[in-house]
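Biologist: I am new to this structure and should be grateful for a close look at a single part of it, the surroundings of ligand 1. Please also place that part in the context of the chain as you proceed.

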Amino acid sequence: MTLAQGMIEIDQELCKDCKLCVSVCPKKLIETSDRLNQKGYYPAFYIEKNLKKENRKCTGCGLCAIVCPEIAIEVYRA
Ligand code: SF4
Ligand code: SF4
C-alpha cells in the first residue's frame with residue numbers, strides 16, 4: 001500500500017500572513033517567510049523540500065487550501 005501523496009503551491013503575492021495554513025497542516029509543512037511580499041506581508045511558504053529526510057510528506061489532504069481566506073494555495077495529488 002502506498003500512502004497518499006501530494007504537494008502544494010502557495011502564491012506568495014496573494015498571501016496575507018494570517019497563518020491559518022501554518023497552524024492547520026498536520027505535517028507542519030508550511031512556515032512563514034522572512035521576506036516581505038509586494039503587499040508588505042510575510043507570506044507562507046511550503047517547506048517540504050527541506051524535510052524529505054524526515055519523511056514528512058504532504059498527503060494532499062487539502063486542509064491548507066480550505067482554510068486559506070485568500071485562495072492562495074493550490075493542492076496537487078499524486
Ligand atoms: S495538503 Fe495537507 S499535508 Fe499537504 S501541505 Fe496542505 S495541509 Fe499540509
Ligand atoms: S492561509 Fe493563505 S493567506 Fe493565510 S498564511 Fe496561509 S497562504 Fe497566507
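**The surroundings of ligand 1 in their context**

Modeller: Among the contacts in the protein chain that join residues at least 6 apart in sequence, 66% are between residues at least 24 apart. The model is a predicted one. The protein chain has 78 residues, of which 18% count as buried. Its two helices and four strands follow one another along the sequence in the pattern β-α-β-β-α-β.

Turning to the part in question, ligand 1 is surrounded by 16 residues, and the closest of them are Cys-25, Cys-58, Cys-61, Leu-63 and Cys-64. Two elements give two or more residues to this shell, namely β1, which spans residues 6-10, and α2, which spans residues 63-67. In character, the shell around ligand 1 comprises eleven nonpolar residues, four polar ones and one charged one.

Two of the closest residues may be taken in turn, beginning with Leu-63. This residue belongs to helix α2. With 16 other C-beta atoms within 10 Å, Leu-63 is partly exposed, because a residue counts as buried only from 20 such atoms upward and as exposed at 12 or fewer. If residues up to four places away in sequence are not counted, Leu-63 touches Val-24 and Cys-25. Cys-25 is itself among the residues closest to ligand 1. The C-alpha atoms of Leu-63 and Cys-25 are separated by 6.7 Å, although the two residues are 38 residues apart along the chain.

Cys-64, which is also among the residues closest to ligand 1, has a longer list of partners to be read. Once neighbours within four places in sequence are left aside, Cys-64 is in contact with Ile-8, Cys-21, Val-24, Cys-25, Ile-30 and Ile-73. Several of these names recur in the largest nonpolar core, which has 13 residues; those with the most contacts inside it are Ile-10, Cys-21, Ile-30, Cys-64 and Ile-73. Cys-64 therefore has a place both among the residues closest to ligand 1 and in a core whose members must be buried. The C-alpha atom of Cys-64 is also 8.7 Å from that of Ser-23, a residue 41 residues away along the chain. Ser-23 lies in helix α1 and is exposed, with 11 other C-beta atoms within 10 Å.

The core also leads toward ligand 2. Around ligand 2 there are 15 residues, and Cys-15, Cys-18, Cys-21, Ala-44 and Cys-68 come nearest. Cys-21 thus appears in this group and is also in contact with Cys-64. The shell around ligand 2 consists of eleven nonpolar residues and four charged ones, with no polar residue; the shell around ligand 1, by contrast, includes four polar residues and one charged residue.

Ala-44, one of the residues nearest to ligand 2, is found in strand β3, which covers residues 44-46. Ala-44 is buried, with 28 other C-beta atoms within 10 Å. Neighbours within four places in sequence aside, the contacts of Ala-44 are Ile-10, Cys-15, Cys-21, Val-22, Ile-30 and Thr-32. Cys-21 and Ile-30 are likewise partners of Cys-64. Between the C-alpha atoms of Ala-44 and Cys-21 the separation is 7.9 Å, for a distance of 23 residues along the chain.

Some loop residues complete the picture. Thr-59 is found in the loop between β3 and α2, and is partly exposed, with 17 other C-beta atoms within 10 Å. From C-alpha to C-alpha, Thr-59 and Arg-77 are 7.7 Å apart in space, and they are 18 residues apart in sequence.

Two lysines merit a remark on their backbone. Lys-19, in the loop between β1 and α1 (20-24), has a positive phi of about 70 degrees although it is not a glycine. Lys-19 is partly exposed, with 15 other C-beta atoms within 10 Å. Lys-28 occupies the loop between α1 and β2 (30-32), and its phi, near 55 degrees, is again a positive value in a residue other than glycine. Lys-28 is exposed, with 12 other C-beta atoms within 10 Å.

Methods: Residues numbered from 1 in each chain as written. Chains lettered and ligands numbered in written order. Predicted model: local features only at pLDDT ≥ 70, side-chain atom pairs only at ≥ 80, totals over all residues. Near = placed C-beta within 6 Å. Nonpolar A, V, L, I, M, F, W, Y, C, P; charged D, E, K, R; others polar. Contact = placed C-beta atoms within 7 Å. Core = buried A, V, L, I, M, F, W, Y, C linked by C-beta atoms within 7 Å.
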